[in-house]
Amino acid sequence: MNTMKIVIPNSTDSPFLKELANGNTVAMSFTGSSMLPAIDGDKDTIELAPLSSDTEIQVGEVCMFVHRGRYVVHRLVATNDNTLVFRGDNNVAVEHVRRPDVVARLVCIHHCDGGQTDCTT
């Protein structure tokens, strides 16, 4: 497994997608508070693994997806027919996403205090 740390711009033409398409796990930093308290977007680093289009996603998993032209990292809270419903742990609003727009799943959180959370179990 290859891991590289990058900070991606919020656009769909980012090299981040190339790394995922090449099968690489990517560690990245981001800003925001939508996933507090699990992830402190201003301090923690997250590690994401690519998803193939036929990989099943379980309610409760945190994934990265493209929504309205922006990358978003939120938790899957429900499924409705062919739509996945995501919400940040610290948000009220939800995003309705098609499965092809989900590009990665969270595999690890590297906390700013040196600890880490394995998200694969």
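In this predicted model, Glu61 and Arg105 are joined by a salt bridge whose closest N and O atoms lie 2.6 Å apart. Glu61 sits in the loop between strand E3 (45-50) and strand E4 (62-67), while Arg105 belongs to strand E8 (residues 102-110), so the pair ties together parts that are 44 residues apart in sequence. This pairing belongs to a set of three salt bridges held by the structure, and the points below take up the partners in turn before turning to the chain as a whole.

**The Glu61–Arg105 pair**

- Glu61 has a relative accessible area of 19% and is therefore classed as buried, given that the class covers values under 20%.
- Arg105, with a relative accessibility of 18%, likewise counts as buried, so that the salt bridge between Glu61 and Arg105 has a buried residue at the Glu61 end and a buried residue at the Arg105 end.

**The Asp89–Arg75 pair**

- A salt bridge also forms between Asp89 and Arg75, where the closest N and O atoms are 2.7 Å apart.
- Distant parts of the chain are linked by this pair, since Asp89 lies in the loop between strand E6 (83-87) and strand E7 (95-98), whereas Arg75 lies in strand E5 (residues 70-80), the two being 14 residues apart.
- Asp89 counts as partly exposed at 34% relative accessibility, and Arg75 is also placed in the partly exposed class, at 24%.

**The Arg98–Asp101 pair**

- Arg98 and Asp101 bring their side chains together in a salt bridge with an N to O distance of 3.6 Å, which falls inside the 4 Å limit applied to such pairs.
- Asp101 has a relative accessible area of 23% and is accordingly partly exposed.

**Fold and order of elements**

- The secondary structure of the protein consists of one helix and nine strands.
- Read from the N terminus, these elements follow the order β-α-β-β-β-β-β-β-β-β, with the helix placed directly after the strand that opens the series.

**Burial, contacts and surface**

- The protein has 121 residues, of which 42% count as buried, Glu61 and Arg105 being among them.
- Among the contacts with a separation of 6 or more, 49% are made by residues that stand 24 or more positions apart.
- The accessible surface of the protein amounts to about 6,800 Å², and carbon and sulfur atoms account for 48% of this area.

How values were computed:
Residues numbered from 1 in each chain as written. Predicted model: local features only at pLDDT ≥ 70, side-chain atom pairs only at ≥ 80, totals over all residues. Heavy atoms only, no water. Helix = DSSP H or I, 4+ residues; strand = E, 2+ residues; numbered from the N terminus. Buried < 20%, exposed > 50% of the residue type's maximum accessible area, 1.4 Å probe, protein only. Contact = heavy atoms within 4.5 Å. Areas by Shrake-Rupley, 256 points an atom, 1.4 Å probe, with all protein chains shown as cover.
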